[in-house]
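This report looks at the cysteines of the structure shown below and then at one of its sheets.

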Amino acid sequence: MTQHQLLLIVDFGSQVTQLIARRLRELNVYCEIHAYQTLTDAAVRDMAPRAIILSGGPDSVTREGSPRAPQAVFDTGVPVFGICYGQQVMMQQLGGRVESGHHAEYGRAFIHPAPGHNGDGIFAGLFAAGREEVWMSHGDRVTQLAPGFEVIGTSPNAPLAMIADESRGLYAVQFHPEVHHTPNGRIMLENFVRMAGFTGDWTMAGYRDEAIRRIREQVGDAKVICGLSGGVDSSVAAVLIHEAIGDQLTCVFVDHGLLRQGEAEEVVAMFRDNYNIPLIHADESDLFLGELDGVSDPETKRKIIGRLFIDVFQKHAAEVGGAEFLAQGTLYPDVIESVSFTGGPSVTIKSHHNVGGLPEKMGLKLVEPLRELFKDEVRALGRELGLPASFIGRHPFPGPGLAIRCPGEITREKLDILRKADAVFIDQIRRHGLYDDIWQAFVAILPVRTVGVMGDGRTYDFACALRAVTSVDGMTADYYPFTHEFLGETATRIINEVRGINRVTYDITSKPPGTIEWE
Ligand code: XMP
């Protein structure tokens with residue numbers, strides 16, 4: 001359990017609930033998201049939150065059986081902030097009235113101060129320009145306030161857009177303060193947490209010390225193994241755990257022969273040489289490439305790689321002898337049990353390479369020291385632990401590696417060509433100072449040979465595609481708008497420097513409808 005002051009977010013299934021948590025973490029406030037149906041009155045009391053936020057959600061409180069907050073949310077006496085559906089739940093449960101069938105409102109709206117108010121309580125500092133721009137997204141609306149509440153701000157379509165019962169520390173809004181389209185939303189959240197007495201005790205330096213203490217407590221003097229992929233998450237987890245328990249940790253880095261140029265050397269140098277972390281470097285490229293020989297179906301490729309990875313990891317982990325724990329770089333977005341329209345958990349794309357199925361198979365317990373962190377916090381923790389900035393800022397790299405950037409059959413020849421072309425593309429991006437503006441960039445080698453002319457000779461070589469996208473979380477993406485000069489220069493360099501490629505294309509597909517990887 002965390003020892004920080006806690007803010008509880010009750011999730012009613014809004015698409016943007018995670019943003020509330022991110023905004024709060026930016027304010028150095030520790031918060032946890034819990035789906036409304038997992039919370040009981042006793043659970044809320046046991047958590048002893050210092051304040052509670054009720055999220056938005058897709059349902060209508062006027063529908064019978066629609067979600068409600070545990071009554072303890074309002075009975076424990078801590079400040080509560082209701083957002084959108086959260087506002088309607090608050091009104092419904094405290095004696096107000098909500099109606100559906102009014103004009104639904106989505107998008108930008110402007111809130112004006114109600115007569116006699118000019119921003120009080122958590123709304124202090126607003127209305128400097130006479131009105132506040134906000135992002136609305138609701139079908140129902142509150143038509144009668146619960147006893148004790150008054151209106152602070154109003155819009156033509158949402159007369160009760162900002163409401164408060166100052167004496168009880170209850171606040172609610174009909175819009176979303178957590179999204180960027182509500183420019184001063186952060187002020188409201190900041191006022192709320194300051195008023196609730198949060199001292200900003202959630203910092204990465206503090207978290208590091210606390211995580212180390214917890215790892216020591218959990219593990220005792222047992223051995224831990226950690227599968228390293230070379231990605232940020234498993235690397236930060238490994239360095240943190242090593243700080244906590246030293247050589248009780250052994251890392252296993254499986255080289256499946258599908259890594260990028262210089263990647264294996266970089267990972268080994270960092271862990272073994274810089275950090276002195278015991279590391280098994282398992283070169284299993286013959287095994288993987290052997291089993292992938294002649295396979296061109298994308299799903300079959302993934303299944304083979306996944307199966308072999310588990311076998312190989314298990315084999316090498318046995319060398320450690322008697323490990324009781326498996327470390328994983330699981331992040332908070334993978335853990336949150338969100339509520340979707342259908343009531344099931346919402347879909348999450350996992351960008352880290354999980355050692356799926358291993359804990360049960362090997363009878364191992366899990367150590368997951370990043371379970372409470374968002375990706376940007378993991379990067380901050382990595383900096384705190386002294387990992388090189390170049391390593392922390394690396395683009396994500398998928399578990400199946402170059403296999404899914406080599407449509408069709410995988411051969412060593414194609415992989416060699418691909419590695420070289422990829423290295424030139426990344427070098428170009430770095431030289432032009434674009435690396436940090438891009439979420440992910442790579443080359444895919446296409447299963448097509450095309451005719452070209454070089455010098456006086458005819459060539460018949462592979463075509464490749466450059467892929468570079470911007471994205472926030474990998475779930476949606478846009479292609480990166482390189483200049484024509486950049487693309488021309490890169491194509492020339494690849495064709496001149498990489499034997500085996502005589503044609504370069506640029507993939508300008510967004511996601512959706514495309515995916516980032518080619519397979
Ligand atoms: P797609 O291609 O689905 O990729 O748009 C979204 C993000 O996920 C990464 N990715 C994977 N990561 N194992 C991983 O660890 C996988 O099997 C896998 N497939 C895709 C991809 O690189 C991108 O960042």
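The sulfur of cysteine 251 lies 4.5 Å from the closest cysteine sulfur, that of cysteine 226, which is too far for a bond, and with a relative accessibility of 0% cysteine 251 counts as buried. The model discussed here is a predicted one. Cysteine 84 is likewise without a bonding partner, because its closest cysteine sulfur, in cysteine 31, is 19 Å away, and cysteine 84 is buried with a relative accessible area of 3%. Since a disulfide requires two cysteine sulfur atoms within 2.5 Å, neither of the distances in the table qualifies, and a search of the whole structure finds 0 disulfides.

| Cysteine | Closest cysteine sulfur | Sulfur distance | Relative accessible area |
|---|---|---|---|
| cysteine 84 | cysteine 31 | 19 Å | 3% |
| cysteine 251 | cysteine 226 | 4.5 Å | 0% |

The sheet is considered next. Five strands form an open sheet in the order 14-13-12-15-16, and their pairing is parallel. Strand 14 (279–283) and strand 16 (365–367) are at the edges, where each has a single partner strand, so one side of each remains without a neighbour in the sheet. On average, and ignoring direction, neighbouring strands of this sheet are turned by 30° against each other.

Within the sheet, strand 12 (residues 223–228) pairs with strand 13 (residues 249–255) in the parallel sense over 5 bridges, and valine 224 has leucine 249 in strand 13 as its bridge partner. Helix 10 (residues 298–320) lies across strand 12, strand 13, strand 14 and strand 15 (323–327), and runs at about 145° to strand 12.

Key
Residues numbered from 1 in each chain as written. Predicted model: local features only at pLDDT ≥ 70, side-chain atom pairs only at ≥ 80, totals over all residues. Heavy atoms only, no water. Buried < 20%, exposed > 50% of the residue type's maximum accessible area, 1.4 Å probe, protein only. Pairing = 2+ DSSP bridges. Helix = DSSP H or I, 4+ residues; strand = E, 2+ residues; numbered from the N terminus. Axes fitted to C-alpha atoms, helices over the stretch in contact; angles between N-to-C directions. Contact = heavy atoms within 4.5 Å.
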